[in-house]
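Reader: Could you walk me through this model? I'd like to start with how far the prediction can be trusted, and then go from place to place.

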Amino acid sequence: MQLVMKDLTQEEVAKQLGSPVFHLISQAADELGVECYIVGGFVRDLYMGRPSDDIDIVVIGDALQLAKSFIQLTKKRIKPSVYGTSGAVLVKCFHKEIEFNTARSESYTRNSSEPQAVGTLDEDLHRRDFTINALAIRLNKARYGELVDLFDGIWDLKDRVIDTPLHPDDTFEDDPLRMFRAIRFATYLYFTIHQDVIDSIQRNKDRVSQIAPERIAEELNKIMLSDNPSMGWELLFSTGLLQLIIPELQALHGVEKVNGRAHKDNFFHTMEVLDNIAKATKEMEDNERKLWLRWAALLHDIGKPKSKRWENQIGWTFHNHNTIGEKMVPEIFKRIKLPLNDKMKYVQKLVSLHMRPIVIADDVVTDSAVRRLLFEAGDDIDDLMTLCEADITSKNEIKKQRFLENFKLVRKKLVDLEEKDRIRNFQPPVDGTEIMQVFHLEPGPQIKQIKDCIKDAILDGKIPNEHDAAFKLMLEKGKEIGLTAYLD
């Protein structure tokens with residue numbers, strides 16, 4: 001969805017700022033005799049017609065004092081939170097988060113992100129990341145709603161351009177994370193990045209080593225949750241940042257040809273799959289599920305470079321790339337500080353299983369194959385099917401439609417068999433404890449042998465998923481391997 005820049009007069013802006021929160025801040029500032037401004041993202045979003053509940057206030061004076069005076073005027077029992085090296089003051093009220101900051105100098109000490117000195121509004125705006133975030137609106141009553149735009153940020157909003165207030169080299173020297181933020185804003189807002197900024201990112205990309213991986217991960221996740229995440233990843237690729245953070249993804253790029261036969265560029269295939277997933281999950285309300293499904297899409301073919309082989313009779317093959325990719329996921333998550341918990345295991349599972357529905361759909365869709373798929377995927381079966389459908393990017397429309405039609409058949413069989421056999425999150429009707437009791441066994445491999453026999457029989461449709469049928473098979477298998485049953 002492209003957002004349209006609004007032309008607003010000062011009076012229109014003042015009307016937009018009709019909420020009590022702004023008038024109380026204005027009153028508090030006037031009573032203290034200090035200037036104060038709304039700055040940054042809230043102002044940008046106001047001019048783009050986007051709602052925002054996060055409000056940044058710059059005070060030409062003591063931010064904590066203004067925050068306390070504002071709280072007194074609200075007549076609410078609110079305790080402000082002071083945090084960070086610059087003494088930001090956070091106040092939560094009126095269903096909004098309001099951050100008060102004293103205007104800061106544009107320069108930093110070499111080894112610290114803490115500003116050297118209190119500054120003027122001009123200095124504070126000079127040190128901001130992008131021109132579209134360096135807009136300020138005055139809140140003092142005499143000039144309420146007046147826009148301060150030192151760097152033509154309004155024009156950059158109109159032109160849909162990401163640019164920096166200072167020379168981009170200086171902007172990225174102050175905070176290298178801004179290289180990722182430029183890409184994130186461009187992706188989220190559908191803006192282009194000024195060529196000078198692109199060139200600067202390419203020059204400064206090695207400064208990525210100075211950024212905490214957690215901060216990079218936060219930006220990557222925001223790119224992932226945008227409507228067209230491939231735009232962000234392709235910018236990371238073209239600027240050289242991708243090679244420094246996830247070289248395994250960069251390695252997907254390229255086409256090799258032997259005897260006139262080439263494989264597809266798996267990087268751009270991955271980008272297409274990612275955008276397909278983004279479209280399929282756009283209305284999904286669970287942002288956590290949406291995020292990790294998109295990570296699974298990004299990494300689904302990550303094992304292909306390691307598995308790529310040329311076979312004279314077949315051509316290019318990528319055998320077991322799903323299994324190789326599954327094993328690569330933990331190292332990637334660990335390096336970029338993504339969670340190493342059930343979220344990572346979910347991504348691993350989808351990477352591991354993403355070929356299974358395609359294999360089924362390319363052949364006769366048997367009940368046995370679908371049962372096994374349902375057994376292994378469990379509650380993640382719907383997400384796996386969504387990923388596999390997104391993975392069909394063939395330019396051969398007949399082939400593509402055949403796969404998608406077969407996927408519909410697979411989905412129908414999944415529903416029918418789950419209703420009939422209850423395979424999802426399957427637990428054997430006869431467990432290990434019962435097997436040990438019947439055969440007077442200690443824990444050992446024979447128990448697994450019997451349990452696997454029961455499981456396979458249920459998944460292959462040879463016996464129903466019921467205790468009596470499983471118990472009978474247990475006795476038969478036990479006898480076959482030389483065990484004696486002790487029944488009351």
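Reader: Before anything else, over which residues does pLDDT stay under 50, and how many contacts beyond four places in sequence does the model have there?
Author: This is a predicted model, and pLDDT stays under 50 over residues 108-116, a stretch for which the model has 17 contacts beyond four places in sequence. For the protein as a whole, the average pLDDT is 89, and 93% of the residues score at least 70.

Reader: Okay, on to the sheet. What is the strand order in the open sheet of seven strands?
Author: The order is 3-4-5-2-1-6-7, and the pairing in this open sheet of seven strands is mixed. Strand 3 (81-83) and strand 7 (147-149) are the edge strands, each of them pairing on one side only. On average, and with direction ignored, neighbouring strands of this sheet are turned by 30° against each other.

Reader: And which helix packs on that sheet?
Author: Helix 2 (residues 20-32) packs on the sheet, where it touches strand 1, strand 2 (54-59) and strand 5 (96-102), and its direction makes about 25° with that of strand 5.

Reader: Let's stay with strand 1. How many bridges join strand 1 to strand 6, and how many pair strand 1 with strand 2?
Author: Strand 1 (residues 36-39) is joined to strand 6 (residues 135-138) by three bridges, with the two strands running antiparallel, and strand 1 also pairs with strand 2 in the antiparallel sense, over four bridges. As for individual residues, Val39 stands opposite Ala136 in strand 6, while Cys36 has Val59 of strand 2 opposite.

Reader: Are the faces of strand 1 covered or open?
Author: Both faces are covered, with Cys36 and Ile38 buried on one side and Tyr37 and Val39 buried on the other.

Reader: What about helix 3, why would you call that helix largely enclosed?
Author: Helix 3 (residues 41-48) is largely enclosed by the rest of the structure because seven of its eight residues are buried. The buried ones are Phe42, Val43, Arg44, Asp45, Leu46, Tyr47 and Met48, so a reader will find Arg44 and Asp45 in that list alongside Phe42 and Leu46. Just after helix 3, Gly49 takes a positive phi of about 70°.

Reader: Switching to aromatics, how many aromatic pairs does a search of the whole structure find?
Author: The search finds 10 aromatic pairs. In one of them, Phe237 and Phe267, the ring centres are 4.7 Å apart and the planes are at 25°, so this pair is stacked. The pair links distant parts of the chain, since Phe237 is in helix 11 (residues 229-239) and Phe267 is in helix 14 (residues 266-280), 30 residues apart.

Reader: Are those two rings' residues, Phe237 and Phe267, buried or exposed?
Author: Phe237 counts as buried at 17% relative accessibility, and Phe267 counts as buried at 0%. Another aromatic pair, Trp310 with Trp316, is edge-to-face, with 5.3 Å from centre to centre and 70° between the planes. Trp310 is partly exposed, having a relative accessible area of 23%, whereas Trp316 is buried at 16%.

Reader: Which residues do ring pairs link into a cluster?
Author: Trp233, Trp292, Trp295 and Phe333 are linked into a cluster by ring pairs.

Reader: And over which ring does the charged end of Lys308 sit?
Author: The charged end of Lys308 sits over the ring of Trp316, 5.3 Å from its centre. Lys304 lies over the face of Phe318, at 5.0 Å from that ring's centre.

Reader: One more lysine, then. Is Lys477 buried or exposed, and which residues does Lys477 touch?
Author: Lys477, which lies in helix 25 (residues 467-480), is buried, with a relative accessible area of 15%. Leaving out residues up to four places away in sequence, Lys477 touches Gln449, Ile450 and Cys453.

Reader: Last topic, backbone oddities. Where does Asn320 lie, and what is the phi of His440?
Author: Asn320 lies in the loop between strand 13 (315-317) and helix 17 (321-335), and although Asn320 is not a glycine, the residue has a positive phi of about 65°. Asn320 is exposed, with a relative accessible area of 54%. For His440, phi is near 50°, again a positive value in a residue other than glycine. His440 is in the loop between helix 23 (432-439) and helix 24 (445-459), and at 56% relative accessibility His440 counts as exposed.

Conventions: Residues numbered from 1 in each chain as written. Predicted model: local features only at pLDDT ≥ 70, side-chain atom pairs only at ≥ 80, totals over all residues. Heavy atoms only, no water. pLDDT = per-residue confidence, 0-100. Contact = heavy atoms within 4.5 Å. Phe/Tyr/Trp six-rings, centres within 6.5 Å; stacked < 30°, edge-to-face > 60°. Buried < 20%, exposed > 50% of the residue type's maximum accessible area, 1.4 Å probe, protein only. Lys NZ or Arg CZ within 6 Å of the ring centre and 35° of its normal. Pairing = 2+ DSSP bridges. Axes fitted to C-alpha atoms, helices over the stretch in contact; angles between N-to-C directions.
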